[in-house]
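Here is a quick tour for anyone meeting this structure for the first time. Have a look at the model below, then read on.

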Amino acid sequence: RFLGVAGGGILQLDETHLRRERPGYPALFLKSSEGHLAAWQALEKSSLLWTLVCTPDLVNAPATGLAKHREDYMPEGGRSVPCGDVAEFMMAELEASRFSCKRIGFTV
């Protein structure tokens with residue numbers, strides 16, 4: 001079982017484009033997004049059970065309990081998410097395995 005955190009750029013913008021492909025995607029994030037994209041593509045081809053929690057900016061803060069998630073897309077919401085919320089979600093996913101072989105958009 002593999003659980004990882006990746007940038008929100010590898011989520012769908014629409015049915016045919018990723019968020020990282022949209023006009024105005026910050027150039028600062030393109031290099032790291034390339035690595036996250038390659039990791040996701042490798043996981044898809046593997047026989048592993050995996051979940052990628054895809055986030056906007058991570059903030060070093062405790063959980064708020066306000067985070068939202070959505071398969072393959074970023075939920076409507078903020079531009080950041082506390083690390084505590086990500087950690088709680090990942091621990092719950094480790095136990096429940098609700099999102100095997102999925103990208104999960106996650107934000108507050």
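Two strands count as a pair if DSSP finds at least two bridges between them. With that in mind, β1 and β2 pair in the parallel sense, joined over six bridges. One spot to look for is L3, whose bridge partner in β2 is T51. Keep in mind that this is a predicted model.

Now for the whole sheet. It's an open one made of four strands, in the order β1-β2-β6-β4, and the pairing is mixed. At the edges sit β1 (2–7) and β4 (68–71), each of which pairs on one side only. Neighbouring strands of this sheet are turned against each other by 25° on average, direction ignored.

On to the next pairing: β2 (residues 50–55) and β6 (residues 102–107) run parallel and are joined by four bridges. Here C54 stands opposite G105 in β6.

Two helices go with the sheet, and the table shows how they lie.

| Helix | Residues | Strands touched or crossed | Angle |
|---|---|---|---|
| α1 | 27–45 | β1, β2 and β6 | about 155° to β2 |
| α2 | 83–96 | β1, β2, β4 and β6 | about 150° with β1 |

Is β2 mostly covered or mostly open? It's mostly covered: six of its six residues are buried. In a regular strand the side chains alternate between the two faces of the sheet. In β2, W50, L52 and C54 point one way, while T51, V53 and T55 point the other way, and all are buried.

Let's zoom in on a single residue, T107, which is found in strand β6. Why does T107 count as buried? The cut-off is under 20% relative accessible area, and T107 is buried because its value is 0%. A polar atom of the T107 side chain lies 3.5 Å from the backbone oxygen of S80. Leaving aside neighbours within four places in sequence, T107 is in contact with a string of residues, among them P56, A67, K68, M74, P75 and V81.

Last stop: empty space. Rolling a probe the size of a water molecule over the atoms shows where it is left. The largest pocket holds about 640 Å³ of space. Which residues lie nearest the centre of the largest pocket? They are G8, R19, R22, P56 and M74, out of 24 residues that line this pocket. Helix α1 gives the largest share of that lining, with four residues. P56 and M74 are also among the contacts of T107.

Notes:
Residues numbered from 1 in each chain as written. Predicted model: local features only at pLDDT ≥ 70, side-chain atom pairs only at ≥ 80, totals over all residues. Heavy atoms only, no water. Helix = DSSP H or I, 4+ residues; strand = E, 2+ residues; numbered from the N terminus. Axes fitted to C-alpha atoms, helices over the stretch in contact; angles between N-to-C directions. Contact = heavy atoms within 4.5 Å. Buried < 20%, exposed > 50% of the residue type's maximum accessible area, 1.4 Å probe, protein only. Polar contact = N/O pair within 3.5 Å; in protein donor to acceptor, adjacent residues only side chain to side chain. 1 Å grid on protein atoms, 1.4 Å probe; cavity = no way out; pocket = protein on both sides within 12 Å on 5 of 7 lines; lining within 4 Å. Points joined across faces, edges and corners; volume = space filled by probe spheres on them.
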